[in-house]
Amino acid sequence: MEEEFEPDVPSPDQLSAELATLDPLAVLPRPRGFSADGAHLCLADADGIETELSRASLLTHRRRKCIKKIALDPGHIGGAHARSEDRSWSWSGQEIREGDLNLRVALHLERRLLDLGFEVLLTRRSAEPLFTAPPQDLATRELEARAGLLEAFRPDLTLSLHHNATDLCPWIEKSLGIMVFLFGHPLPEEVPLQREELLHRMLDGSHARALPLGRTVVATLCRRLGLPPCTDHLHRFTAATGRRFSALEPGIFLRNLSVLRHAPGPALLVEGPTMNHCAEAAALAEACARPLEDPHPRIVQYAEGLYEALAPLSDTPA
Ligand SMILES: [Zn+2]
């Protein structure tokens, strides 16, 4: 077990290197140095506009800590809402709904993590949204509501669980492979509204703790699910999505996603099997139709791959 310790304040050079990785488009200001009293990091952009970040903000997640509280976010909403969210596919008369698949993975993983003594929060436990809202506002309201739950729970680690899909063509012959998104890669148009928030999140030290776990998750999921890490679709994929994210290494990507930005602490967004992959479709359609308490073997494989990655974080002997 690693004890909590008081970390050193990183140097401006170290912080510049962290920012260069997490902000590859260089849309945010860069560190210039600390204030005379050492209480603030001073940053400036190319136009000389200055920003200050408190020393406390830089240290938030640099303390090594035992992972005791894990938040699981089953991505999207399920049931009838899957169509309005555009997260549903029809296969041989059956429907594949991403939100329903993600919930089943989360429920199975929750049971396994509770057995190890982790405290677990699920951001939803049914196919229904947390609030009723007009369809056009539903996705935004849902993200806000889940951010509030995460803020209140204060997890040591957050996993947002998803199934992948590509809209390049309806059905594809080859899986996209396993993808893990970490927070990063802000876009120029996101900066005016999120500037302070982005800087705090990027320099809070959570990336250094999320990256090794992300690598383990890619490895365990690839092995359990028999899928490759996402690599070869990358160029096609990034081009089609307007370079809204970037790759760090096979399977690991950066993107400024709401759940990654708002989770207090290290956070991963995991993309499992590809829903519009011909070889997956029959199993995933059947998985949606199964009762919550009797998950399909493909769901169990996904959850067990995550469990294998998370179990060593527990105090409890595995
Ligand atoms: Zn998704």
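Two strands are said to pair when DSSP finds at least two bridges between them, and this sense of pairing applies to the views of the predicted model that follow.

**View 1. Strand 9 and strand 11 run side by side in a parallel pair.** Strand 9, covering residues 179-183, is joined by 4 bridges to strand 11, covering residues 252-255, and the two run parallel. Within this pair, Leu 182 stands opposite Leu 254, the latter belonging to strand 11.

**View 2. An open sheet is built from 7 strands.** Read across the sheet, the strands follow the order 7-4-8-12-9-11-10, and their pairing is mixed. The edges are taken by strand 7 (119-122) and strand 10 (246-249), each of which pairs on one side only. From one strand to the next, the twist of this sheet averages 25 degrees.

**View 3. Strand 5 and strand 6 form an antiparallel hairpin.** Residues 88-91 make up strand 5 and residues 94-97 make up strand 6, and the two strands pair in the antiparallel sense over 4 bridges. Across the pair, Trp 89 stands opposite Ile 96 of strand 6. The hairpin has 2 residues between its strands, and here Ser 92 takes a positive phi near 50 degrees.

**View 4. Helix 4 packs against helix 11.** Two packed helices are described by the angle between their axes and the distance between the axes. For helix 4 (residues 98-115) and helix 11 (residues 297-310), the angle is about 45 degrees and the axes are 9 Å apart, which makes helix 4 oblique to helix 11. The crossing of these two helices is right-handed. Helix 4 contributes Leu 101, Arg 104, Val 105, His 108, Leu 109, Arg 112 and Leu 113 to the contact, while helix 11 contributes Ile 299, Val 300, Tyr 302, Ala 303, Leu 306, Tyr 307 and Leu 310. Sorted by class, the residues of this contact comprise 11 nonpolar, 1 polar and 2 charged.

**View 5. An open sheet of 3 strands carries antiparallel pairing.** The strands of this sheet lie in the order 1-2-3. Strand 1 (30-34) and strand 3 stand at the edges, and because each has a single partner strand, one side of each is left without a neighbour in the sheet. The twist averages 30 degrees from one strand to the next. Strand 2, residues 40-44, pairs with strand 3 in the antiparallel sense over 5 bridges, and in this pair Leu 43 has Thr 51 of strand 3 as its bridge partner. Helix 1 packs on the sheet, where it touches strand 1 and strand 2, and its direction makes about 165 degrees with that of strand 1.

**View 6. Domain 1 and domain 2 meet in a contact.** The protein is divided into domain 1, spanning 12-57, and domain 2, spanning 69-313, and the C-alpha centres of the two domains lie 30 Å apart. Their contact takes 13 residues from domain 1 and 14 residues from domain 2. On the side of domain 1 that touches domain 2, helix 1 (12-22) and strand 3 (50-54) each supply at least two residues, and the largest share, 4 residues, comes from helix 1. By class, this side of domain 1 has 9 nonpolar, 2 polar and 2 charged residues.

Notes: Residues are numbered from 1 along each chain as its sequence is written. This is a predicted model: local features need pLDDT of at least 70, side-chain atom pairs count only at pLDDT 80 or more; totals for chains, interfaces and linings use all residues. Domain bounds come from an automatic or database domain assignment. Two residues are in contact if their C-beta atoms, placed from the backbone, lie within 7 Å. Ala, Val, Leu, Ile, Met, Phe, Trp, Tyr, Cys and Pro count as nonpolar, Asp, Glu, Lys and Arg as charged, and the others, Gly among them, as polar. Axes are lines fitted to C-alpha atoms, for helices over the stretch in contact, and angles run from 0 to 180 degrees between N-to-C directions. Angles under 35 degrees count as roughly parallel, over 145 as roughly antiparallel, 65 to 115 as roughly perpendicular and the rest as oblique. A crossing is left-handed if the near helix is turned anticlockwise from the far one by less than a right angle, and right-handed if clockwise.
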